[in-house]
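Visitor: I've got the file open and a coffee in hand. Can you walk me through it?

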Amino acid sequence: MEVNTSQLIDDYLDGALDESGAERLRAWMEADPKHVRLFVRHVYLHRQLREWSLAENVGKCLEVGELREESVLAVSPDERRPARRGSWSYGAVACALLGAVAGSWVTWQIAAQRPVAERGGMVAPPAGAAPYVATLVSVTNCRWDQARSTAALASGSSVRSGESLHLLEGVAEMSCALQNGGMASLQLEGPLAMTLSSHGMPSLLYGQLTGSFTCDYDEFTLDTPLGRVVVSGDASLGIIAAAHKVDLHVFSGTATLELWATGVRGGSNQLTAAGGTSLNVHIDTEGNVSVNHGESQESGFMTPAALTASRLPISDEYVATILDAKPVAYWRFERDVDGLMRNEMSDRFHCRMNGNAVRWHPGQDGGSVEFGTTGGPGYLISDDTLDILTDSYTVELWAKPSYFHHGTLFSLLQWHAPQSPIGSHRMVLEICGPISGLTSPFRTTDFHPGRLRFIHECRTRFDVDCFSPDPYSVRHWQHFVAVKALSQMHLYLNGRLVDSKEATGPLPSGLRVLMGQLLPVSPQIEDEVTSRLYSGELDEVAVYDRALADDEIRHHVKLVRPNIKATEEQVIGDPR
Amino acid sequence: MDQRASEQLARLWTESQPVVASFVLSVIPDFHQAEDVLQQVAVVLVREFDRFDASKPFLPWALGIARNLALKSRRDVARHSKLLFSDVVLDQVQSAFEENDDTLLAMRKLLRHCLGQQPQKVLELLQWRYAHDLKPNEAAQRMGITSGAVRAMLHRAREALRKCIRRNAQVVVEWK
C-alpha cells in the first residue's frame, strides 16, 4: 500500500494523477495524520530536487567560465520570471532576497504605466535607429543562471534579439556596435539580468553595469525598469537598476534618462545628468516618482579609475611592527622572482604562482598580488608545509576584492599530489558572493551574502565558521584577520572583532598555504578546480603561530589607516 | 521598513523559504505557478511585516499567508480542478510543515550525497523533470518511451533517494 501511495504522491506532484488516483490519495491522507507527514516529506523532497537541479544547471556554467568561452545566452522573449534585484549598496545586499520579489510586483505596476504600445518590453527604437549588434566578448568567473537563460552557449556569437543574460555572479563584458560606427562597451556585474528586445535594444532588468560609449554619429539607448537611458557623444557612466529604482552615475560626458512615467509633479520626464553628477529615481508602491540629484560615485562601479583609487600605503613602521610580531610567514609581494612570492621570514614557505589569472602587481605603494586578471585558475601555493600551527594561530592580510563574489582568499590544506585536494582544507578565509537569486542549501554562503567567512575545522566531520555581520567593501583595501585562540576563533574586519565562535581542536601538521582559490589544480578534480576564484588583490599576508591580541590587530590597522580614533569601535577603510 | 527590519525579514525569510515553497507546492503542484505564488507571498510579507508580532514564530505566519495566496491562485488558474485536500487535511499539512522537523533538514543535507550515488541516466532524467520542468508525458516524447515508463523511472529514482536519505538521516541528526 505504501509503495502505491508513494507512487500516487509522485504522480500528484508530477501533474500525472488521474481522478481515481486523486480519490485514492485523498482517502489515504484523510485516514491518518501520519500519512500527511509522509506526504509532506515527499513534497519537500520534490522541492529540494527542483532547487538542486537548478543549481546544477548553474554549476555547469562554471566550466564555461573556466574555459573563457565567449558566451551567448538566450531566454524566451516571454520572460515571465520576475526580475530580481542586485545592488552595490552594501546595506541592501542583505535585503535583496526580499527586494527581488517585492521588486517584481513594482515592475508590474510600472509596466502598467507605460503606453500600451510599449508594453511587453518591446519598445520601438528611436526613428532612424538601427538595431545593435551586441557580442559577449569576455566572461570572468561567471556563474550564469541557465535555468532562466534558455539558449545554448555559443562561443563568439552575438547576443540576438529576444535573448537575455542572467548573470548570477562574476563580470561579463559586452560590446555593442552601432550602425554609424559608434561603440559601446558594457561591463556587467552579477547579479544582473539583461535582455535584448526584438529591435536589439538592451534592457537592464536589474543589476549594475558600467559603460563607456563612443557615439559620434549614433545614439545609444538602454532601457531600465523606470526609463530609457540615452547617450550620445562620448560618455562613461554606471547604472544600477532595480524594479523600483534606477541610479544613473555619469562619470564623463552626458546622459539622459527618459522616464516611462510622467515627470515628477507634472515636470519633464527627461532628466539629464552631466559628468560628475548622478540621478536617483525611485518609485514607490503607489506609483509616486521621486528624483534625487547628487554626485556620481565612480568607486561604486568597476571602472579602471575605481579599481585603482584605493591605496594601501604600507610604511616602514608597519613592516617593522609585523616583523617584530614574529610571524611564521610574511608575504609582502614586493617582487616576483621567477613566479615565486617570497616569505620574508625565512627561506621556506615561498609561494609559487600557478595559472594565468594570477600576477604580481607593482603599484605606487609597492607590490601586491592580483587574482582574477583573466578567467580560469590563478593561485599561489607553498611547496613547504607548516607544521607548527596547532591550537592557536593567526592569519592577517589586506585584501581588495574587485566585486562581490564568492572567492577564497587564503587557506591551509593538508594536501599533496596526486591525492584529491577535496576535503583537505583545515582553515579557510573567504569572501561570500552576492545574493544570486538562486540559493542552494548546499551553499551555506548563500545565506551570508557579501560577508567575510572564516572556517576552522575543529572536528573531523564538522567545520566551525565565523561570518562578519556586515558586508566587506569592494574595490577598497581592507584588513582581514582570522584568529584561533585555544578554544575560540575570532574574525576581525578592519581591526574590529566581528564574530567569535567556540572552536576546539588543533590544526594538524603538514599544511600547505593556498591563496586565491579554493582548490589547487589537480588531476583528481574536474569542475571544482576553479571554484571560488578570488578576483582582486592581496597584500601583506602574515601567518602567526599564536593568537594576535585585539590591541595588536588594531595597532596594525592604525599604522595603515591612522585616521582611526582610539575610541572608535568600527574602523572604516577608505571613505567612499 | 527600516534597514534593521529589512535585515530581520531577510533572515527569517531565508530560513523559512524552503518550507514555504514546499507547502505552496503541495497545494499547487506546478513549479511555475507555485513559484509565482511564492513571490507573491514574499511581497505580502514585505508589505505586512510591520504587523508581524516578533514574539511569535515567523514560519506559521508565513505559511498562513502562503495558504491564502495559494488557494486564491488555484481558484484563479484552475477553477475546475478539485483541491486534493479537505480543509482538515490542509490544516494538517500546514501543521506538518510548521514543525519543520529533523527529517526535512536531513533531506536538505543529504540530498546531494544521495544524488551522487545515482547513475548518470537517472540524474539526466531528474534534470529533465526538475530543471526543464517536463511533465512525464513531455519527457516521454523527448525520450521516445511511454509516459508510464517515465513515471515509473521517476518513481524509482525518488524511491532510491528516499531510501538513501532514510538510511543516512541518523547521521545528520547527530550533527545537529
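Visitor: Let's start with chain B. How many helices and how many strands are in its secondary structure?

Guide: Eight helices and zero strands. Reading from the N terminus, the order is α-α-α-α-α-α-α-α. Keep in mind that this is a predicted model.

Visitor: What percentage of the residues in chain B is buried?

Guide: Buried residues come to 38% of the 176 in chain B. As for contacts with a separation of 6 or more, 71% of those in chain B are between residues 24 or more positions apart.

Visitor: Okay, H2 and H3 of chain B. At what angle do they pack?

Guide: About 135°, and the axes of H2(B) and H3(B) are 9 Å apart. That angle makes H2(B) oblique to H3(B).

Visitor: Is that crossing left-handed or right-handed?

Guide: H2(B) passes H3(B) in a right-handed crossing.

Visitor: Which residues meet there?

Guide: On the H2(B) side you have B:Gln33, B:Val37, B:Gln40, B:Val41, B:Val44 and B:Leu45. From H3(B) come B:Ala62, B:Ile65, B:Ala66, B:Leu69, B:Ala70, B:Ser73 and B:Val77.

Visitor: Let me click on B:Val44. What does it touch, leaving out residues up to four places away in sequence?

Guide: B:Val44 touches B:Ile65 and B:Leu69. You'll find B:Val44 in H2(B), which covers residues 31-48. Look at B:Ala66 too: its C-alpha is 9.3 Å from that of B:Val44, with their positions 22 residues apart in sequence.

Visitor: Why does B:Val44 count as partly exposed?

Guide: Because B:Val44 has 18 other C-beta atoms within 10 Å, and a residue needs 20 or more to be buried, while 12 or fewer would make it exposed.

Visitor: And B:Gln8, where does that lie?

Guide: B:Gln8 is in helix H1 of chain B, residues 3-27. B:Gln8 is partly exposed, with 18 other C-beta atoms within 10 Å. The C-alpha atoms of B:Gln8 and B:Phe49 are 9.9 Å apart, though the two residues are 41 apart along the chain.

Visitor: One more helix. What should the 13 residues of H4(B) span, and how far apart are the end C-alpha atoms?

Guide: The expected span for H4(B), residues 87-99, is 18 Å at 1.5 Å a residue, and the end C-alpha atoms are 18 Å apart, so the two agree. Buried residues in H4(B) include B:Leu90, B:Val93 and B:Phe97.

Visitor: Switching to chain A. Which residues of strand E8 are on the covered face, and which on the uncovered one?

Guide: The covered face of E8(A) has A:Ala255, A:Leu257 and A:Leu259, and the uncovered face has A:Thr254, A:Thr256 and A:Glu258.

Visitor: Why would every other residue point the other way?

Guide: Because side chains alternate between the two faces of the sheet in a regular strand.

Visitor: Which strands does E8(A) pair with?

Guide: E6(A), residues 227-242, pairs with E8(A) in the antiparallel sense over five bridges. There, A:Arg228 has A:Glu258 as its bridge partner. E9(A), residues 270-274, also runs antiparallel to E8(A), and five bridges join them. In that pairing A:Leu257 stands opposite A:Leu271.

Visitor: What's the strand order in the open sheet of eight strands?

Guide: The order is E13-E14-E17-E26-E19-E20-E21-E22 in chain A, with antiparallel pairing. E13(A) and E22(A) are the edge strands, each pairing on one side only. E13(A) pairs with E14(A) over two bridges, and A:Leu340 has A:Arg352 as its bridge partner.

Visitor: I'm eyeing the backbone of A:Phe349. What is its phi?

Guide: Positive, about 60°, although A:Phe349 is not a glycine. A:Phe349 is in the loop between E13 and E14 of chain A. With 22 other C-beta atoms within 10 Å, A:Phe349 is buried.

Visitor: And A:Leu486, buried or exposed?

Guide: A:Leu486 counts as exposed, with 12 C-beta neighbours inside 10 Å. Phi of A:Leu486 is also positive, near 50°, and A:Leu486 is in the loop between E23 and E24 of chain A.

Visitor: Last thing: which residues does a cis peptide bond join?

Guide: A:Gly190 and A:Pro191, with omega about 5°. A:Pro191 is found in strand E4 of chain A, residues 183-196.

How values were computed. Residues numbered from 1 in each chain as written. Chains lettered and ligands numbered in written order. Predicted model: local features only at pLDDT ≥ 70, side-chain atom pairs only at ≥ 80, totals over all residues. Helix = DSSP H or I, 4+ residues; strand = E, 2+ residues; numbered from the N terminus. Contact = placed C-beta atoms within 7 Å. Pairing = 2+ DSSP bridges. Expected span 1.5 Å × (residues − 1). Axes fitted to C-alpha atoms, helices over the stretch in contact; angles between N-to-C directions. Parallel < 35°, antiparallel > 145°, perpendicular 65-115°, else oblique. Left-handed = near helix turned anticlockwise from the far one by under 90°.
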